[in-house]
Amino acid sequence: LIAQAHQRKIRVLLCVQGSERGDFAAVAASDARRACFAHTLAAFVKKYNYDGIDLDWEKDVDCANHVRLVADMRQALNAVARPGCHLYLTTALQTYRAFSPAQARQLCASADWINLMTYDMGGGYWGHAATHNTPLDGIKKTVSDKWSVFPPNKLCIGLASYGYLYRGLTPGQTSSVPLRQKGRSIPYTELPKLLAAGWKESFDPVAEASYYFSPDRRAFATIDTPSSIKRKLAWVSASRFRGVFWWEYHLDYVPSGSNSAGPRHLLVDQVASAVNAVGR
């Protein structure tokens, strides 16, 4: 897979995700364990010819130790990189984290960029009120409030090719039970089926995103579309962010078949065309 990607000039990073046990916290708190962890991952990257590492630490994040861990990983990657070859180091972070200006400078010195998880912002499975999954007004406010200590060219904005469908709730209504009992995630490929079944779009001009309501109005969905993503891209470009990334890559994928020109990505392909048109 990596060899085929490299033939197409695609870079492949190894994503390392922490578990619900909080493994990263224990590793990052120890100088010796951080160094061992970084050395082991760098050796793995070198052995299998990856182009770098993406660190996805979501549970029990300690910002100071996160900065230390990324610094150790940068040092380890630099030590195994071939002459003239740069190994990438990125990190995915939830938007409610808060780094000090000093921590931001240190993190920027080690990481090539930071992937901001600007999704699951409207309840998802974990909140109490079901609202927009990726509201542009909420994303703008969060980035302005918490991430202005980072230069824009170090930040990538997350795009979602999935959303949520809730039953027995209206937008903004507080649920008396966990939201996972009222809803489920849906891939973007499910939206055309809902529309064909009579679901109707209702645009929210404040959030710059739409809700989709069932014919009986007893269920609604929140999900990005080409038009809402186009508005996000315009903001990303105007703000001079590093770029965008996806979660999850396969949820808008349509394989080749008799009824399609595929294989293709219904959302990703449009964004790729827009990004390529802007250039680097």
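Trainee: Why is Tyr 119 called buried?

Mentor: Buried means under 20% relative accessible area, exposed over 50%, and partly exposed in between, with a 1.4 Å probe and protein chains only. Tyr 119 has a relative accessible area of 8%, so Tyr 119 is buried. This is a predicted model, in which local features need pLDDT of at least 70 and side-chain atom pairs count only at pLDDT 80 or more, while totals for chains, interfaces and linings use all residues. Residues are numbered from 1 along each chain as its sequence is written, and side-chain values use heavy atoms, with hydrogens and water left out.

Trainee: What makes Phe 245 count as buried?

Mentor: Phe 245 counts as buried because its relative accessibility is 15%.

Trainee: How do you know that Tyr 119 and Phe 245 form an aromatic pair, and why is it called edge-to-face?

Mentor: Rings of Phe, Tyr and Trp (its six-membered ring) pair if their centres lie within 6.5 Å; planes under 30 degrees apart count as stacked, over 60 as edge-to-face and the rest as tilted. For Tyr 119 and Phe 245 the values are 6.2 Å centre to centre and 70° between the planes, which fits edge-to-face. Tyr 119 lies in the loop between β4 and α6 and Phe 245 in strand β11 (residues 243-247), so the pair ties together parts that are 126 residues apart in sequence. Helices (H or I, at least four residues) and strands (E, at least two) are DSSP runs, numbered from the N terminus.

Trainee: Which residues do ring pairs link into a cluster with Tyr 119?

Mentor: Among them are Tyr 125, Trp 126, Tyr 162, Phe 213 and Phe 245.

Trainee: What makes the charged end of Arg 217 sit over the ring of Phe 213?

Mentor: The rule asks for NZ of Lys or CZ of Arg within 6 Å of the ring centre and within 35 degrees of the ring normal. The charged end of Arg 217 is 3.8 Å from the centre of the Phe 213 ring and is listed as sitting over it.

Trainee: Why are β1 and β11 called edge strands?

Mentor: Two strands pair if DSSP finds at least two bridges between them. Six strands form an open sheet in the order β1-β2-β3-β4-β5-β11, with parallel pairing. Each of β1 (14-17) and β11 pairs on one side only.

Trainee: How many bridges join β1 and β2?

Mentor: The parallel pairing of β1 with strand β2 (residues 52-56) runs over four bridges. Within it, Leu 14 stands opposite Ile 53 in β2.
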